[in-house]
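Grab a coffee and pull the model up in your viewer. Let's go looking for empty space, and for what packs around it.

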Amino acid sequence: MLYHIYELQHATISPLRVAADMGKKWMRNPVNPWSYTQPGRATAAVFDVFTHITNRYGKPEFGLDTTVIDGETVPITEEVVYAEPFCRLLHFKRETAHLKQQPDDPRVLIVAPLSGHFSTLLRGTVETMLPDHDVYITDWVDAREVPVHLGHFDLDSYVDYIMRFLRHLGPNTHMIAVCQPSVPVLAAASLMAAGDEPCQPASMTLMGGPVDTRENPTEVNKFAQQHELDWFERHVISHVPLPHTGVMRRVYPGFMQLAGFMSMNWDRHLAAHHDMFTHLVEGDGESADAKRHFYHEYLAVMDMSAEFYLQTLKVVFLEHQLPSGTMRWQGVLVDPSAITKTALLTVEGERDDITGMGQTRAAHKLCSNLPDNMRMHHVQTGVGHYGVFNGRRWREQISPRVKDFIRRHDHEGKGANSAPAKPKTEAAE
């Protein structure tokens with residue numbers, strides 16, 4: 001019912017948004033004398049902000065058309081190399097035929113979070129890795145667009161997808177898990193290690209992931225602990241309405257996730273939109289466009305299947321099954337101590353208010369049989385959750401460590417003869 005109310009509200013407000021858009025264009029029309037006045041610019045700014053916050057944003061594009069390899073501009077082609085109902089394996093193919101020397105770069109699978117936003121949230125992550133790596137990413141499908149007859153999707157399915165993608169890509173693939181997928185990525189690596197599979201990853205980098213939420217719990221973790229699982233099922237799970245393809249599928253709607261995201265920093269979002277209004281009135285279009293671009297990405301949200309959301313809550317946040325040694329995948333015990341061939345790098349942000357300090361580092365304790373020269377932990381000072389995988393600190397301080405770690409543990413190409421990483425824990429100044 002809640003989803004139906006949301007759709008009705010969206011439909012009801014659409015005429016107002018159209019009217020506001022027309023008003024914005026008129027108040028900025030050069031033939032309108034009011035467009036040159038302060039009240040006219042303020043009115044146009046009000047209409048602009050209104051259309052911005054009431055619009056519905058679809059999946060953004062990655063928009064990564066080129067990269068630079070050894071000083072040469074290289075075109076990028078996006079191609080789907082493997083597809084499942086709830087996820088596509090997307091390859092950023094670098095067209096390097098014109099280069100004199102073909103790059104011999106490690107193959108990297110970036111596992112994007114399935115926690116409300118589309119995988120394009122990691123655009124900056126992908127862009128930074130492209131010059132030095134052959135990059136793939138999990139491109140999750142909005143659950144409201146998956147027909148019910150294609151089956152369900154839960155945390156076990158997530159782990160299964162990761163293992164299928166690794167087998168498709170072949171041996172010597174490196175993984176980077178950003179936030180939420182740290183647990184299923186660690187589980188997939190554990191299961192493949194237990195079976196001594198040839199396609200188990202060469203390395204895995206876990207960034208800001210809730211491996212053990214008992215460590216330094218954040219407000220997000222505390223909220224989950226304060227409610228029973230059936231509370232979440234009663235209050236946030238809904239059925240997809242018409243006209244979406246996945247009509248009648250049980251989901252955790254994207255608009256509810258967005259409300260949760262924004263409520264955590266409501267004052268910051270209000271200030272950001274006030275700043276946007278001010279920039280528009282002052283004629284500072286560049287600053288206004290920068291904020292608009294950020295929110296186009298931030299406000300584009302997707303639905304998650306109810307099975308995945310509820311099982312993740314139970315396994316990761318309520319029962320802490322992975323660190324307590326009780327997690328099972330399709331009845332098979334998940335044992336990270338089986339990992340001996342996959343190097344482990346964990347990255348945490350000092351100011352992360354979503355995944356507390358120590359929650360990602362807990363993976364090292366679980367991978368108890370991994371040699372010391374195959375593990376490293378990095379704490380990035382001065383960054384919050386999103387700064388771990390995006391922004392200046394990511395580009396200048398974090399990504400060089402990630403790239404170096406991958407090179408050191410690559411079994412082929414340029415990284416094959418590199419010295420092994422020294423066991424260490426470091427904090428960037």
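Below is a walk through the pockets and cavities, then a hairpin, the nonpolar cores and one helix.

Keep in mind that this is a predicted model.

**The second largest pocket**

Let's begin with an open space. The second largest pocket has a volume of about 880 Å³. Its lining counts 29 residues, and Leu121, Phe294, Tyr298, Tyr386 and Gly387 sit nearest the centre. If you'd like to find the walls by helix, colour H3 (123–129), H8 (254–264), H9 (266–282) and H10 (285–298), since each of these supplies at least two lining residues. H10 has the largest share, with seven residues. By class, the lining of this pocket is a mix of 12 nonpolar, 10 polar and seven charged residues.

**Two cavities**

Now for the closed spaces. A handy idea here is that rolling a probe the size of a water molecule over the atoms shows where empty space is left. The structure holds two cavities of 30 Å³ or more. Here they are beside the pocket:

| Space | Volume | Lining by class |
|---|---|---|
| Second largest pocket | about 880 Å³ | 12 nonpolar, 10 polar, seven charged |
| Largest cavity | about 40 Å³ | six nonpolar, one polar, one charged |
| Second largest cavity | about 30 Å³ | six nonpolar, two polar, no charged |

Which residues line the largest cavity? They are Phe86, Leu114, Val141, Ala143, Phe153, Asp303, Met304 and Ser305.

The second largest cavity is bordered by Leu155, Gln180, Val183, Pro184, Pro210, Thr312, Val316 and Phe317. Helix H5 (182–194) and helix H11 (306–318) each provide at least two residues of that lining. H11 gives the most, with three.

**Helix H11 up close**

H11 is worth a second look. Of its 13 residues, 10 are buried, so this helix is largely enclosed by the rest of the structure. The buried ones are Ala306, Phe308, Tyr309, Leu310, Gln311, Thr312, Leu313, Val315, Val316 and Phe317. Thr312, Val316 and Phe317 also turn up in the lining of the second largest cavity. Just past the end of H11, His320 takes a positive phi of about 50°.

**A hairpin**

Next, jump back along the chain to strand S1 (residues 66–69). Thr67 and Ile69 make up its covered face, while Thr66 and Val68 are on the uncovered one. S1 runs antiparallel to strand S2 (residues 72–84), and four bridges join the pair. One partnership to check on screen is Ile69 with Glu72 of S2. The two strands form a hairpin with two residues between them, and Asp70 in that turn has a positive phi of about 50°.

**The nonpolar cores**

In soluble globular proteins, nonpolar side chains tend to be buried together. So how many residues are in the largest nonpolar core here? That core has 108, and Phe92 and Met204 are the ones with the most contacts inside it. Skipping its neighbours within four places in sequence, Phe92 touches Phe62, Leu64, Ile76, Thr77, Glu78, Val126, Leu130, Asp134, Val135 and Ile137. Apart from this core lies another of six residues, including Ala45, Met276, Leu280 and Ala288.

Note on methods:
Residues numbered from 1 in each chain as written. Predicted model: local features only at pLDDT ≥ 70, side-chain atom pairs only at ≥ 80, totals over all residues. Heavy atoms only, no water. 1 Å grid on protein atoms, 1.4 Å probe; cavity = no way out; pocket = protein on both sides within 12 Å on 5 of 7 lines; lining within 4 Å. Points joined across faces, edges and corners; volume = space filled by probe spheres on them. Nonpolar A, V, L, I, M, F, W, Y, C, P; charged D, E, K, R; others polar. Buried < 20%, exposed > 50% of the residue type's maximum accessible area, 1.4 Å probe, protein only. Pairing = 2+ DSSP bridges. Core = buried A, V, L, I, M, F, W, Y, C linked by side-chain atoms within 4.5 Å. Contact = heavy atoms within 4.5 Å.
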